[in-house]
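Hi everyone, thanks for making the time this morning. I'd like to walk you through one structure, so let me put it up on the screen.

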Amino acid sequence: MAEPYPATFWHRDCTLCGACCAAPDIAALNKPLGVPCQHLDRGCRCAIYESRPQVCRNYTPDWVCGEVAPLPTLEARVRRFLEIYGLA
């Protein structure tokens, strides 16, 4: 059986940058745009990973993760994430 998301330039391994848990709005968690999820810990890991909502489970790291991950702070990563999508 083929991988559902083969590794390519467009699909990356998670970098634990936290941007996907802080930049987008996540309605299932009542999380607004640009605000870190209440379940994101200091190490940019999900504190409810095993029971996270389906929208979070469906997220696939991509080229954006590779671009924002090297930035030095979560705030800088969130700002860049939002800029990429024209939301800043």
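Let me begin with the surface: the protein exposes about 6,000 Å², and carbon and sulfur atoms supply 56% of that. Please keep in mind as we go that this is a predicted model.

So, how much can we trust it? The mean pLDDT of the protein is 89, and 88% of its residues reach 70 or more. Among the helices, confidence is lowest in α3, residues 63-68, with a mean of 91, and highest in α4, at 97. The stretch to be careful with is residues 1-6, where pLDDT stays under 50. For those residues the model has three contacts beyond four places in sequence. Where pLDDT is low, the predicted coordinates should not be read in detail.

Now the overall layout. The protein has four helices and zero strands, so to speak a plain α-α-α-α when you read along the sequence. Of the 88 residues, 30% are buried. If you take the contacts with a separation of 6 or more, 50% of them are between residues 24 or more positions apart.

Let's go to α4, which covers residues 74-84. Which of its residues are buried? They are L74, A76, R77, V78, F81 and L82, and these buried residues pack against α1, residues 19-22, and against α3. Do notice the arginine in that list: R77 is among the buried residues of α4.

Another arginine of this helix, R80, takes us to the salt bridges. The structure holds three of them. R80 forms one with E67, and the closest N and O atoms there are 2.5 Å apart. R80 lies in helix α4 and E67 in helix α3, so this pair ties together parts that are 13 residues apart in sequence. R80 also meets E83 in a salt bridge, at 3.4 Å from N to O. E83 and R80 both sit in α4, three residues apart, which is about one turn of the helix. Put together, E67, R80 and E83 are linked in a network of salt bridges. As for how open these side chains are, R80 is partly exposed, with a relative accessible area of 28%. E67 is partly exposed as well, at 31%, and E83 also counts as partly exposed, at 40%.

The remaining pair is R45 with D41, where the closest N and O atoms are 3.7 Å apart. R45 counts as partly exposed at 45% relative accessibility, and D41 counts as partly exposed at 29%.

R45 has a neighbour I'd like to show you, H39. You'll find H39 in the loop between α1 and α2, the latter being residues 54-58. What does H39 touch, leaving aside residues up to four places away in sequence? The contacts are L29, R45, C46, A47 and I48. H39 and L29 are 10 residues apart in sequence and 9.4 Å apart in space, C-alpha to C-alpha. H39 itself counts as partly exposed, at 22% relative accessibility.

Next, the cysteines. How many disulfides does the structure hold? Zero. Why does C14 have no bond to C20? The sulfur of C14 is 6.1 Å from its closest cysteine sulfur, the one in C20, and that is too far for a bond. C14 counts as exposed, because its relative accessibility is 55%. It's a similar story for C56: the closest cysteine sulfur, in C21, is 6.3 Å away, again too far for a bond. C56 counts as partly exposed, at 24% relative accessibility.

Last stop, the segment after α4. Just after this helix, G86 takes a positive phi of about 70°. Y85 is found in this segment too, and Y85 counts as partly exposed because its relative accessibility is 42%. Together with L33 and L87, Y85 forms a nonpolar patch on the surface, and the three have about 290 Å² of accessible area together.

If you'd like one picture to take away, look at α4: its buried residues pack against α1 and α3, while R80 joins E67 and E83 in the salt-bridge network. That's my tour, and I'm happy to turn the model around for anyone who wants another look.

How values were computed. Residues numbered from 1 in each chain as written. Predicted model: local features only at pLDDT ≥ 70, side-chain atom pairs only at ≥ 80, totals over all residues. Heavy atoms only, no water. Patch = residues over 30% accessible without salt bridge, like charges linked within 9 Å, V, L, I, M, F, W, Y side chains within 5 Å. Areas by Shrake-Rupley, 256 points an atom, 1.4 Å probe, with all protein chains shown as cover. Salt bridge = Lys/Arg side-chain N within 4 Å of Asp/Glu carboxyl O. Helix = DSSP H or I, 4+ residues; strand = E, 2+ residues; numbered from the N terminus. Buried < 20%, exposed > 50% of the residue type's maximum accessible area, 1.4 Å probe, protein only. Contact = heavy atoms within 4.5 Å. Disulfide = S-S within 2.5 Å. pLDDT = per-residue confidence, 0-100.
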